[in-house]
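Q: I would like to learn how to read the packing, the bonds and the empty space in a protein model. Could we begin with one side chain and work outwards?

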Amino acid sequence: MNTRMRRAAVAVAATTMAISLAACGSAKETGDKAEQGSEKKGDDLKIGLLLPENQTARYEKFDRPIIEKKIGELTGGKAEVVYANAKQDATTQAQQIDTMITNKVDALIVGAVDAKAIANSVKKAKDEGIPVVAFDRLAEGPIDAYTSFDNEEVGRAQGTALLEALGDKADGGTIVMMNGAITDPNAALFKKGAKSVLDGKVKYGKEYDTKEWKPENANANMEAAITALGKDKIDGVYSANDGMAGGIITALKAAGLPKLPPVTGQDAELAGVQRIVTGEQFMSVYKSYPAEGIVAAEMAVALAKGEKLDSIATSKVDNASQKDIPTVLVPVLSLTKDNIKDTVVKDGIWTLEEICSGKYKAACDSIGLK
């Protein structure tokens, strides 16, 4: 791993530790203040956790258990976490919020399916005195706090890696842009960050906004791009995440290309990491889920207790209806075959046994991943 990547990995680890320590300290401050005033709530809280979908591995495998565990730690095990997954259905999520309001939760953590459509539900919660933490996606409506990753930096990391992989084709080469769903505001930020690097250097042969982030939709889009451009005229593919990268690579292989063009990704999903090992996918973006989950839990507990977020949130953002939303953005890291061991393995996201199982063992051995 080169020096730049090593420093970036250390920075992510340091940030995660700093956020963890801040969360612990803030929880203590919250508890101390709760004891001083009878109007403040104690640890016997009910926190609603609503996640957007279960196709992307991160939500069920990482985010849910991380948030639930941290809320338990912050409240001495006294808080109840009420969980629901919308499975990519905005109407279902609106109904889930209504149920949370009826159940009188003390705070909500919401990963929005549709950031705009959820605004009315957020207002309903606010009208009932329930604070809302927007998790991973900047929801519309009167939200009280927001935590996510630096999403433009995600796009810049993807764009920079793609240019590196293109080599001499980085100047004037033709790429396909496979963006995420238009209902997810993060997708626009990923695209903005990527294009800030790619504009003026490559040609955009075809560009798609992929409905619901589904791999099968990315696969169909890629098949259409190959038909329109010709399989030998695609020098690289910008894929906004790993799930779509899988569908894209399936389409490229089915077209019979002698050599696959470089394809980007995001989320460091196991299948994505394994494709990086074999060389089918050039990179992914590793995001520290523990750091983001810790912040979301801390924000929700503090808000449920009626406390301010000054010691947690170091920045502010605006959405269409709310200004100066207390915000924490967690840094990201470009993941390639050169730093798998020092990122996802070191942080316990995936084990070497998981990555290098079965047919992937030989590929792992060939890149020194043991």
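Q: Which residues does Ile355 touch, not counting residues up to four places away in sequence?

A: Contact means heavy atoms within 4.5 Å. By that rule, and with residues up to four places away in sequence left out, Ile355 touches Leu270, Val273, Gln274, Val277, Ile340, Val344, Val345, Trp350, Tyr360, Cys364 and Leu369. Before we go further, please keep in mind that this is a predicted model, in which local features need pLDDT of at least 70 and side-chain atom pairs count only at pLDDT 80 or more, while totals for chains, interfaces and linings use all residues. Residues are numbered from 1 along each chain as its sequence is written, and side-chain values use heavy atoms, with hydrogens and water left out.

Q: Which residues touch the most other members of the largest nonpolar core?

A: A nonpolar core is a set of buried Ala, Val, Leu, Ile, Met, Phe, Trp, Tyr and Cys residues joined through side-chain atoms within 4.5 Å, where buried means under 20% relative accessible area, exposed over 50%, and partly exposed in between, with a 1.4 Å probe and protein chains only. Here the largest such core has 60 residues, of which Met222, Ile340, Val344 and Ile355 touch the most other members. Helix 8 (residues 242–254) gives the most to this core, with 6 residues; helices (H or I, at least four residues) and strands (E, at least two) are DSSP runs, numbered from the N terminus. A second, separate core of 28 residues includes Ile71, Leu74, Val295 and Ala296.

Q: How many helices and strands does the protein have, and what share of its residues count as buried?

A: The protein has 13 helices and 12 strands, and of its 370 residues 55% count as buried. Among contacts with a separation of 6 or more, 73% come from residues 24 or more positions apart.

Q: Which cysteines form a disulfide, and why is it called left-handed?

A: A disulfide is a pair of cysteine sulfur atoms within 2.5 Å, and a search of the whole structure finds 1. It is formed by Cys356 and Cys364, with their sulfur atoms 2.1 Å apart. The torsion about the S-S bond of Cys356 and Cys364 is about -90 degrees, so the disulfide is left-handed. Both Cys356 and Cys364 are buried, and Cys364 also appears among the residues that Ile355 touches.

Q: How is empty space inside the model found, and which residues lie nearest the centre of the largest cavity?

A: Rolling a probe the size of a water molecule over the atoms shows where empty space is left. On a 1 Å grid over the protein atoms alone, a cavity is a set of points where a 1.4 Å probe fits but cannot get out, and lining residues have an atom within 4 Å of a point. Grid points are joined across faces, edges and corners, and a volume is the space filled by probe spheres set on the points. The count comes to 1 cavity of 30 Å³ or more, and the largest cavity has a volume of about 150 Å³. Its lining has 15 residues, of which Tyr59, Arg137, Asp184, Trp213 and Asp267 lie nearest the centre. Helix 2 (57–74) and helix 6 (185–198) are the elements that give two or more residues to this lining. By class, the lining has 3 nonpolar, 5 polar and 7 charged residues, where Ala, Val, Leu, Ile, Met, Phe, Trp, Tyr, Cys and Pro count as nonpolar, Asp, Glu, Lys and Arg as charged, and the others, Gly among them, as polar.

Q: Is Glu292 buried or exposed, and which residues is it in contact with?

A: Glu292 lies in helix 10 (residues 289–304), and at 0% relative accessibility it counts as buried. Leaving aside neighbours within four places in sequence, Glu292 is in contact with Arg58, Asp63, Phe135, Asp136, Thr147, Ser148, Phe149 and Val330.

Q: Where is Lys104 found, and what is its phi?

A: Lys104 is found in the loop between helix 3 (90–102) and strand 3 (107–110), and its phi is near 55 degrees, a positive value in a residue other than glycine. At 65% relative accessibility, Lys104 counts as exposed. Lys104 is also one of the residues in contact with Lys46, which lies in strand 1 (residues 46–51).

Conventions: 1 Å grid on protein atoms, 1.4 Å probe; cavity = no way out; pocket = protein on both sides within 12 Å on 5 of 7 lines; lining within 4 Å.
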